[in-house]
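Reader: I'd like a close look at one part of this model, please. Pick a helix and walk me through what surrounds it.

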Amino acid sequence: MFFASAQLLHIPDGFLSLGVAAAAWGVALFALFLAVRRSQERFDERLIPMAGIMAAFIFAGQMINFPVAGGTSGHLIGAALAAVVLGPWLGILVMTAVIALQGLLFQDGGLVVMGANILVMGVVPALIAFGFYRAVANRGRSLRLATTAVAAWLSVMAAALVTAIFLGFSGTSSFRIVVPAMLGVHALIGLGEALITVSALSFIMRARPQLLEGSAEAGGRGWIVAGLGLSFLVVLLAPFASGLPDGLEWVAEENAFLGAAREAPFEVLPDYTVPLLGDSALSTIAAGLVGALLVAAVALATARLLRRERRWEPRD
Amino acid sequence: MEIFDRYQQGESVIHQLDPRVKVVVTLLFIVSTVLLPDGAWRAFLAAWVLVLGGAALARLPLGLVVRRSFVALPFALAAVTVVFTLPGETVAVWDIGSRQVTVSDAGLVRFGSIVIRSWVSVQMAILLTATTTFPDLMHALRHLRVPGILIAIIGFMYRYLFVLVDEAGRLLRARAARSARPAGGGGGGAVLWRARVAGSMVGQLFLRSLERSERVYNAMAARGYRGQLLTMNPHVMERCDWLMGAGALGAIAVVQVIGWL
């Protein structure tokens with residue numbers, strides 16, 4: 001029950017090449033450096049107990065699941081919620097602590113590849129979720145919730161895409177397969193994340209609305225540009241990445257497989273026509289359609305949740 | 001909650017080794033394993049023997065390291081595609097519908113190597129966790145120049161993990177007690193309703209955690225906390241720590257040599 005899902009975003013050691021792992025660490029360290037500095041400015045000596053307990057909260061919150069269908073259950077990943085309610089910098093710190101503890105204690109995610117995991121589950125979702133939320137932070141409640149739903153879904157999709165790209169560049173899987181596969185699986189996981197994030201946020205809005213004012217001020221307007229820019233990039237990148245010439249070919253050349261490979265007697269994949277997906281234009285269009293449908297589903301689900309809410313107002 | 005207690009009590013050489021040595025050796029071992037070329041089966045075997053040797057020295061129950069090491073295995077799904085896409089000699093051809101799927105030997109070798117690398121690395125990390133208490137681990141990281149503030153946050157998280165997981169457990173029990181489940185699984189109500197209940201529970205847990213963090217901070221400030229956590233364990237590197245560390249590094253170097261020969 002503990003490690004039900006989200007498993008596919010915790011990259012274990014051995015699945016990334018050293019170069020990719022090191023590059024990811026570089027970016028992650030830079031983000032962490034900024035996050036520590038900005039959070040210290042805001043929280044001073046309160047930072048350690050605050051961030052530590054909030055990290056424990058995300059870990060414990062991941063236990064709270066709800067049955068979906070056929071024995072599967074949805075649960076929180078938490079990066080989007082953390083970024084929205086705690087502000088982006090503290091959100092990144094908190095998710096980093098969660099990832100570090102999961103890796104060190106449970107081997108849930110590798111040690112040498114931890115930089116990549118911090119990017120995937122901390123920095124990227126924080127950028128997108130907070131960027132979207134910041135854009136509507138001063139607007140009405142329904143708009144804020146609906147935006148958060150879309151942002152939470154997108155943040156999971158972006159995390160999946162970045163993971164797929166890391167795997168592709170490491171030569172661990174082929175771009176053309178792993179990108180659509182990761183995005184497909186996470187389109188559903190992201191739906192669960194969106195629902196639970198919005199419900200949690202709407203609960204917090206009713207119970208302690210003043211809490212959210214602080215978080216919105218924690219990041220400047222630059223976050224809007226960064227968050228929207230990144231998600232725009234994700235939308236552009238997804239079809240492009242799945243058509244990338246394969247990282248595997250370089251790996252094969254490097255390891256002299258290609259030199260050693262004789263002419264196969266029959267039917268070797270002729271220059272990367274991947275059989276499972278077929279024509280790349282077709283699969284790109286299909287992916288786009290599925291994406292559009294899912295976004296519509298998120299919007300509809302949010303609208304329904306909001307309608308229900310009136311019946312659910314707390315009796316205080 | 002014994003699930004968090006990944007440390008196995010013991011008095012062995014490995015247990016008493018300076019945690020810095022253990023962290024550095026573990027990280028270098030993983031880097032070394034990742035660097036081994038595809039299909040270096042003998043080197044993979046040597047690396048695995050190294051891990052098992054460490055586990056034996058630490059007197060860990062034999063099954064423990066292996067049993068816990070399957071955590072990362074589901075991720076192997078992500079790598080399985082190389083079997084079909086890497087060019088090489090054809091091993092098998094399957095017909096799926098109207099399409100042909102080709103399995104290449106190079107693909108199989110690469111897939112096997114990725115999975116084994118990950119599996120051996122995970123076991124080394126398990127060995128580290130099972131022989132080092134979490135506070136010692138954090139202390140070692142601090143000595144290794146990981147920013148103190150991150151260490152302090154993670155240490156704090158570890159301390160309150162038990163409390164908040166209990167809190168989440170109480171919320172889950174309360175929900176289970178109040179919402180009847182039809183026999184055969186599922187949960188009452190529509191999926192959206194269930195998601196909404198779960199979300200409200202997460203929101204509730206958030207508020208309780210936040211309030212707890214304020215109380216904890218006030219209590220700490222009242223006892224003289226000024227942003228620094230103190231420790232009683234000095235961690236001095238002794239001669240045997242240097243020797244063990246050097247020995248482990250030598251063994252890792254031997255594995256590399258085997259791998260590239």
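Author: Here's a tour of one helix in chain B and its setting.

First, some ground rules: this is a predicted model, where local features need pLDDT of at least 70, side-chain atom pairs count only at pLDDT 80 or more, and totals for chains, interfaces and linings use all residues. Residues are numbered from 1 along each chain as its sequence is written, while chains are lettered from A and ligands numbered from 1 in the order in which they are written.

Our helix is α10 of chain B, residues 191-222; helices are DSSP runs of H or I with at least four residues, strands are E runs of at least two, and both are numbered from the N terminus. α10(B) has 32 residues and spans 47 Å from first C-alpha to last, close to the expected 46 Å (1.5 Å times one less than the number of residues). Just past α10(B), Gly224(B) has a positive phi of about 95°.

Now the neighbours. 84 residues of chain B are in contact with 79 of chain A, contact meaning C-beta atoms, placed from the backbone, within 7 Å. α10(B) gives the most to chain B's side of that meeting, with 22 residues.

As for domains, an automatic or database assignment sets the bounds: chain B gets domain 1 (2-132 + 236-260) and domain 2 (160-222). Their centres, taken over C-alpha atoms, sit 37 Å apart.

How far to trust it? Chain B has a mean pLDDT of 84, with 90% of its residues at 70 or more; pLDDT is the predictor's confidence in each residue, from 0 to 100. For the complex, the predictor gives an ipTM of 0.87 and a pTM of 0.82.

How values were computed: Contact = placed C-beta atoms within 7 Å.
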